[in-house]
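The report below describes one protein for a reader who works with coordinates, and it moves from the sheet to the helices and the loops. Please have the sequence and the model open while reading.

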Amino acid sequence: RPDKFTNAMQDFIAKNVGEQFIEPQPTDLSLVYKDSSPVTPLIFVLSVGTDPAADLYAFAEEMKFSKKLTAISLGQGQGPRAEAMMRSAMERGRWVFFQNCHLAPSWMSSLEQLIENIDADKVHRDFRLWLTSMPTPKFPVSILQNG
């Protein structure tokens, strides 16, 4: 049964190779951030049971950005609000965190345009765009390639 395949593979790998090969690896956000820029989104491709939000909030605190981080969980009707958040953040040097991009497939082309139109000469140097999404064919390839 296809719905049991992933769990069966995880059990097999844990038993035969080791638990460390099925556990999510922690991401060092300081290294990710160091390689980022205001025109390049930072993307977390999710798997079942993972949620990098707590790590991002902790990193924002560490970077003294916790009051400059705005998050929104995307879904039905959240696109215009997310766009306004992003435009404001680009001007003011804030971070925006768009969670669950896979829940807003109809808005992904708008997000793609927003990202493509970020002007490196005008965007605030502290601006960062953080995204999460489950794997989906609706997620724009250009964002993945440039992120």
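Two strands are taken to pair if DSSP finds at least two bridges between them, and the elements themselves are DSSP runs numbered from the N terminus, with helices (H or I) of at least four residues and strands (E) of at least two. The model is a predicted one, in which local features need pLDDT of at least 70 and side-chain atom pairs count only at pLDDT 80 or more, while totals for chains, interfaces and linings use all residues. Residues are numbered from 1 along each chain as its sequence is written, and side-chain values use heavy atoms, with hydrogens and water left out.

**Overall layout.** The secondary structure comes to 6 helices and 4 strands, which follow one another from the N terminus as α-α-β-α-β-α-β-α-β-α. Taken along the principal axes, the C-alpha atoms fill a box of roughly 55 × 35 × 25 Å. Of the 147 residues, 37% are buried, where buried means under 20% relative accessible area, exposed means over 50%, and partly exposed lies in between (1.4 Å probe, protein chains only).

**The sheet.** The 4 strands form an open sheet with parallel pairing and the order S1-S4-S3-S2. Its edge strands are S1 (42-45) and S2 (69-73), each of which pairs on one side only. Neighbouring strands are turned by 15° against each other on average, direction ignored, with axes being lines fitted to C-alpha atoms (for helices over the stretch in contact) and angles running from 0 to 180 degrees between N-to-C directions.

At one edge, S2 is joined to strand S3 (residues 95-99) by 5 bridges, and the two run parallel; here Ile72 stands opposite Phe98 in S3. At the other edge, 4 bridges join S1 to strand S4 (residues 128-133), again in parallel, and Val45 has Ser133 in S4 as its bridge partner. In a regular strand the side chains alternate between the two faces of the sheet. Along S1, Leu42 and Phe44 point to one face and are buried, whereas Ile43 and Val45 point to the other and are not.

**Helices.** Helix H1 covers residues 2-16 and contains Met9. The expected span of a helix is 1.5 Å times one less than its number of residues, so the 15 residues of H1 should span 21 Å, and this agrees with its end C-alpha atoms, which are 21 Å apart. Just after H1, Gly18 takes a positive phi of about 140°. Phe5, Met9 and Phe12 make a nonpolar surface patch of about 320 Å². Further along the chain, Ser88 is in helix H4 (residues 79-92), and its C-alpha atom is separated by 9.8 Å from that of Phe127, 39 residues apart along the chain.

**Loops and accessibility.** Lys64, in the loop between helix H3 (53-62) and S2, has a positive phi of about 60° although it is not a glycine. Asn100, in the loop between S3 and helix H5 (108-116), likewise has a positive phi, near 60°, in a residue other than glycine. The table gives the accessibility of residues discussed above.

| Residue | Relative accessibility | Class |
|---|---|---|
| Met9 | 35% | partly exposed |
| Ser88 | 26% | partly exposed |
| Lys64 | 70% | exposed |
| Asn100 | 21% | partly exposed |

How values were computed. Patches are made of residues with over 30% relative accessible area and no salt bridge: like charges are joined within 9 Å, nonpolar side chains (Val, Leu, Ile, Met, Phe, Trp, Tyr) within 5 Å. Accessible areas come from the Shrake-Rupley method with a 1.4 Å probe; for residues, only the protein chains shown count as cover. A salt bridge is a side-chain nitrogen of Lys or Arg within 4 Å of a carboxyl oxygen of Asp or Glu.
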